[in-house]
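Me: Please take a close look at one part of this structure, the nonpolar core, and then connect it to what lies around it.

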Amino acid sequence: MKEFMDKDFLLQSETITKLSENPQGAVFVGRCADYVLRNRTDIVSIFITANNDDRVRRLIERKKCTESEAHDMMRKIDKQRAAYYDYYAGRPWGVASSYDICLNSSLVGIENSVDAIIDILKKK
């Protein structure tokens with residue numbers, strides 16, 4: 001299984017690297033893209049989080065599940081994301097020092113979070 005994951009990671013890394021060369025820019029969500037592109041000076045790595053209550057509420061809405069199921073899903077997904085990121089990037093997932101910008105969308109909402117990110121990127 002590990003060999004499959006390593007091949008999968010290499011293929012994803014190659015794809016991320018190739019797509020990052022698009023002169024119009026690109027946005028990558030997950031897949032350790034910040035780590036894959038770590039030697040580039042023209043990227044901004046962003047970690048977006050939300051308060052657990054908001055995350056659970058959104059899971060319930062999107063997945064049509066119970067609150068208990070949403071909590072279980074959230075814990076399982078976070079554990080998988082952390083293990084993947086920690087394994088391939090060799091640094092902790094979700095820790096501010098691993099990213100250029102960390103944003104809690106519960107503070108200002110999703111739309112305002114998007115606007116804040118766009119404003120920051122325009123100034124870069």
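Reply: In this predicted model, the largest nonpolar core is made of 12 residues: Phe9, Ile16, Cys32, Ala33, Val36, Leu37, Phe47, Tyr84, Tyr85, Tyr88, Ala89 and Tyr99. Three elements each give two or more residues to this core, namely α1 (2-19), α2 (33-36) and α4 (67-89). The largest share, 4 residues, comes from α4. Another core, of 5 residues, lies apart from it and includes Val56, Cys65, Ala70 and Met74.

One member of the 12-residue core, Phe47, leads on to the strands. Phenylalanine 47 stands opposite cysteine 102 in β2. Strand β1 (residues 46-49) pairs with β2 in the parallel sense, over 4 bridges. In a regular strand, side chains alternate between the two faces of the sheet. Strand β2 (residues 101-104) has Ile101 and Leu103 on its covered face, while Cys102 and Asn104 are on the uncovered one.

Next comes serine 105, which is found in helix α5 (residues 105-108). Its relative accessible area is 14%, and the cut-off for buried is under 20%, so serine 105 counts as buried. Leaving aside neighbours within four places in sequence, serine 105 is in contact with Ile48, Thr49, Ala50, Ile110 and Ser113.

Helix α3 (residues 52-63) allows a check of length. At 1.5 Å a residue, its 12 residues should span 16 Å, and the end C-alpha atoms are 16 Å apart, so the two values agree. Just after α3, lysine 64 takes a positive phi of about 55°.

Note on methods: Residues numbered from 1 in each chain as written. Predicted model: local features only at pLDDT ≥ 70, side-chain atom pairs only at ≥ 80, totals over all residues. Heavy atoms only, no water. Expected span 1.5 Å × (residues − 1). Buried < 20%, exposed > 50% of the residue type's maximum accessible area, 1.4 Å probe, protein only. Pairing = 2+ DSSP bridges. Core = buried A, V, L, I, M, F, W, Y, C linked by side-chain atoms within 4.5 Å. Contact = heavy atoms within 4.5 Å.
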